[in-house]
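Reader: I have a model open on my screen and would like to learn how to read it. Could you take me through some of its features?

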Amino acid sequence: MSINVMISDDHMLMREGIRQLLEFDGSIKVVAEASNGVECLEKVVSVKPDVLLLDINMPKKNGIEVLEEIKKNKIDTKVLILTVHNEVEYLLRAVDIGVEGYILKDAESAELKSAIYHIIAGENYIQPSLIPALNNRLINRDSDKAKIDSLTNREREVLVHVANGMFNKEIALNLNISERTVKNHISNIFKKINVNDRTQAAVFAIKNNLIKLF
């Protein structure tokens, strides 16, 4: 019995190439394709594939948003993200949401098929080359959590505004406090999360999902 797979990628050539690779030996059948996130969700619901191969960079809804919808609505399709993104933050976000697999587009076809077989067997599959970075990030996240917990609610609000690129005057107006108070909050934030400037603070906020990555 073949495994029913759906491919969601905004590049037609990529979809055609993956289809040919997967269907070569008859053990996997591509039952649907989608070129954007909205179309992907519609087809996942109607076609009900066993596995969805999901790109992150797509129009209308990106792959992370699609994954969130699938998991939130408890759709019975396993998701394997197939992407060019080797940045650990994308992987960590996908793992947090509940992705079954994560593999890069430069992987060999045998590894892609192996990932699908692992997922169908009820296992998770993360490309081995990505695992050390993921483990390091999980360890660092534990220490980051303690830093976040040390922030007051107001300091967290200010940090989010800083990460969104707002200047002190804008933050003061937005939160109805003085610029001097904003400066004091920022000074305290920098000490608590151990950063030296606004850019580092913004990176910290993004890494820890205090603001949306997308």
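Reader: Let me begin with one residue: where is the place of Asn176?

Author: Happy to start there, and please keep in mind that this is a predicted model. Asn176 sits in the loop between H8 and H9. Its phi is positive, about 60°, although Asn176 is not a glycine.

Reader: Is Asn176 buried or exposed?

Author: Asn176 counts as exposed, because its relative accessibility is 69% and exposed means over 50%. You can look at Lys74 in the same spirit. Lys74 is a residue other than glycine with a positive phi, near 55°. Its place is in the loop between helix H3 (63–72) and strand E4 (78–83), and with a relative accessible area of 74%, Lys74 is exposed.

Reader: Now the helices on either side of that first loop. How should I describe two packed helices?

Author: Two numbers do the job: the angle between the helix axes and the distance between those axes. Here, helix H8 (residues 168–175) packs against helix H9 (residues 179–193) at an angle of about 110°, and their axes are 8 Å apart. H8 is therefore roughly perpendicular to H9, since angles of 65 to 115 degrees count that way.

Reader: Which residues in H8 and H9 meet?

Author: From H8 come Asn168, Lys169, Ile171 and Ala172, and they meet Glu179, Val182, Lys183 and Ile186 in H9. Sorted by class, the contact of H8 with H9 has four nonpolar residues, one polar residue and three charged residues.

Reader: Glu179 caught my eye. With which residues is Glu179 in contact, leaving aside its neighbours within four places in sequence?

Author: Those partners are Asn168, Lys169 and Ala172. Glu179 itself lies in helix H9 and counts as partly exposed, at 37% relative accessibility. For a sense of distance, the C-alpha atoms of Glu179 and Lys61 are separated by 38 Å, with their positions 118 residues apart along the chain.

Reader: And how far apart in space are Asn153 and Lys183?

Author: From C-alpha to C-alpha, Asn153 and Lys183 are 16 Å apart, and in sequence they are 30 residues apart. Asn153 lies in helix H7 (residues 153–163). At 65% relative accessibility, Asn153 counts as exposed.

Reader: Let me practise on another helix pair. At what angle do helix H4 and helix H6 pack?

Author: The angle is about 75° for helix H4 (residues 88–97) and helix H6 (residues 131–150), and the axes are 10 Å apart. That makes H4 roughly perpendicular to H6. On the H4 side, the contact is made by Val88, Glu89, Leu91, Leu92, Val95 and Asp96, and H6 brings Ala133, Leu134, Arg137, Leu138 and Arg141. By class, the contact of H4 with H6 divides into seven nonpolar, no polar and four charged residues.

Reader: Glu89 is in that list. Is Glu89 buried or exposed?

Author: Glu89 counts as buried, because its relative accessibility is 19% and buried means under 20%. Glu89 lies in helix H4. Apart from its neighbours within four places in sequence, Glu89 is in contact with Arg137 and Lys207.

Reader: How does one find empty space inside a model?

Author: The general idea is to roll a probe the size of a water molecule over the atoms, which shows where empty space is left. This structure holds two cavities of 30 Å³ or more. The second largest cavity has about 40 Å³ of space.

Reader: Which residues line the second largest cavity?

Author: The lining is formed by Ile7, Ser8, Asp9, Ile18, Leu53, Leu54, Asp55, Leu82 and Lys105. Strand E1 (3–8) and strand E3 (51–54) each supply at least two residues of that lining. By class, the lining has five nonpolar residues, one polar residue and three charged residues.

Reader: To finish, let us step back. How many helices and strands are there in the protein?

Author: There are ten helices and six strands. The C-alpha trace spans about 65 × 30 × 30 Å along its principal axes, and 43% of the 214 residues count as buried. Of the contacts with a separation of 6 or more, 63% come from residues 24 or more positions apart.

Key: Residues are numbered from 1 along each chain as its sequence is written. This is a predicted model: local features need pLDDT of at least 70, side-chain atom pairs count only at pLDDT 80 or more; totals for chains, interfaces and linings use all residues. Side-chain values use heavy atoms; hydrogens and water are left out. Axes are lines fitted to C-alpha atoms, for helices over the stretch in contact, and angles run from 0 to 180 degrees between N-to-C directions. Helices (H or I, at least four residues) and strands (E, at least two) are DSSP runs, numbered from the N terminus. Angles under 35 degrees count as roughly parallel, over 145 as roughly antiparallel, 65 to 115 as roughly perpendicular and the rest as oblique. Contact means heavy atoms within 4.5 Å. Ala, Val, Leu, Ile, Met, Phe, Trp, Tyr, Cys and Pro count as nonpolar, Asp, Glu, Lys and Arg as charged, and the others, Gly among them, as polar. On a 1 Å grid over the protein atoms alone, a cavity is a set of points where a 1.4 Å probe fits but cannot get out, and a pocket is an open set with protein on both sides within 12 Å along at least five of seven lines; lining residues have an atom within 4 Å of a point. Grid points are joined across faces, edges and corners, and a volume is the space filled by probe spheres set on the points. Buried means under 20% relative accessible area, exposed over 50%, partly exposed in between (1.4 Å probe, protein chains only).
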